[in-house]
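Q: Please take a close look at one residue and its surroundings in this predicted model. After that, go on to a few other parts of the chain.

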Amino acid sequence: MKVSVICSTFRPGGIDIFLAGMRDQSIKDFECILVDRRYELRKKAVAKLSKEYGVSVIHVPEFKTNGKWISFCSAWNTGMALARGEVVVLLQDWTYCPPSFVAEHYKAVAAQRRYVIAPYVYTEIPSVLFKDSVNLTNQMRRGDMCVEWDKIMTGGVIDEVACFSEGLFSPKWLDTLPPLRPPDQDPRRHTEGPLSAYNWVHVKNESLLRSVAYELNGLDERLERGKGPMDTDWGNRLQLAKLDFWWAPGAC
């Protein structure tokens, strides 16, 4: 197997977006691993939807959870441990991957000791069908606090797998969704090729050889608990391991 796409998620909704991208890939020699903080809330729904999309998904919880805290690093390490592909791709949730996505990452890694970094585009989201009222502004601020359980964490606000008013996500919608403006946008720009900016690592649309990920023993799980320096630490360790950094704008 050539590629393992590992998607880490802790948010409700967005599973239809991920599955649409995996369904639409131009090559099929890859596997999908969905590491899910909300596994118990939606395991049956994910299995049903993935079958409808014709996408085989390895759907698992993080091997180590920590109560209300997000477990980013444990999630990525769980995916890497399960991966069978020569190349592993690290993908954030709520993301549609265009048909060339898997092929472009595989081509960019090129069986080399290389860390591939690719851009992403944040857009406005379509209308969401809410189960219950919620103050989204307060919820955005809450991301910096992470102190109490609430209805979003327990599944009471939007559907766990597909939450849009118009139904399941369609890639055709992307032509009508305006991109967000800075600073709420990926600011990185570069031509395809070598990078010196190891601090461009975001752990959102990136790839490397699985053997190298194992050599580094994955991400440092001491950096769990919500927002933290996980991506900065990973970039520093990749640099110290003497990986070449490579920008791949085609993998977006």
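A: Ser4 is part of strand S1, which covers residues 3-9. In this predicted model, Ser4 has a relative accessibility of 0%, so it counts as buried. The side chain of Ser4 makes a polar contact of 2.5 Å with the side chain of Glu31. A polar atom of the Ser4 side chain also lies 2.8 Å from the backbone nitrogen of Gly85. Both Glu31 and Gly85 appear among the residues in contact with Ser4 once its neighbours within four places in sequence are left aside. The others in that group are Ile33, Ala83, Arg84, Val87, Val88 and Val89.

The next part is a pocket. Strand S2 (30-36) is one of the elements that give two or more residues to the lining of the second largest pocket, together with helix H1 (15-23) and strand S3 (57-60). S2 provides the largest share of that lining, 3 residues. The lining has 14 residues, and those nearest the centre of the pocket are Phe30, Cys32, Gly54, Val55 and Ser56. By type, the lining divides into 8 nonpolar, 4 charged and 2 polar residues. The space in the second largest pocket is about 210 Å³.

Between H1 and S2 runs a loop, and Ile27 has its place there. Buried means under 20% relative accessible area and exposed means over 50%, so Ile27, at 26%, counts as partly exposed. Leaving aside neighbours within four places in sequence, Ile27 is in contact with Val102 and Ala103. Ile27 and Ala103 are 76 residues apart along the chain, yet their C-alpha atoms are separated by 6.6 Å.

The last part is helix H8, residues 230-240, whose buried residues are Met230, Trp234, Gly235 and Leu238. These four cover an arc of only 130 degrees around the axis, which means that they are on the same side of H8. The buried residues of H8 pack against one helix, H3 (72-82). They also pack against strands S4 (87-92), S5 (114-117), S7 (205-209) and S8 (244-247). Following H8 comes Lys242, which has a positive phi, near 65 degrees.

Notes. Residues numbered from 1 in each chain as written. Predicted model: local features only at pLDDT ≥ 70, side-chain atom pairs only at ≥ 80, totals over all residues. Heavy atoms only, no water. Buried < 20%, exposed > 50% of the residue type's maximum accessible area, 1.4 Å probe, protein only. Arc of directions from axis to C-beta. Contact = heavy atoms within 4.5 Å. Polar contact = N/O pair within 3.5 Å; in protein donor to acceptor, adjacent residues only side chain to side chain. 1 Å grid on protein atoms, 1.4 Å probe; cavity = no way out; pocket = protein on both sides within 12 Å on 5 of 7 lines; lining within 4 Å. Points joined across faces, edges and corners; volume = space filled by probe spheres on them. Nonpolar A, V, L, I, M, F, W, Y, C, P; charged D, E, K, R; others polar.
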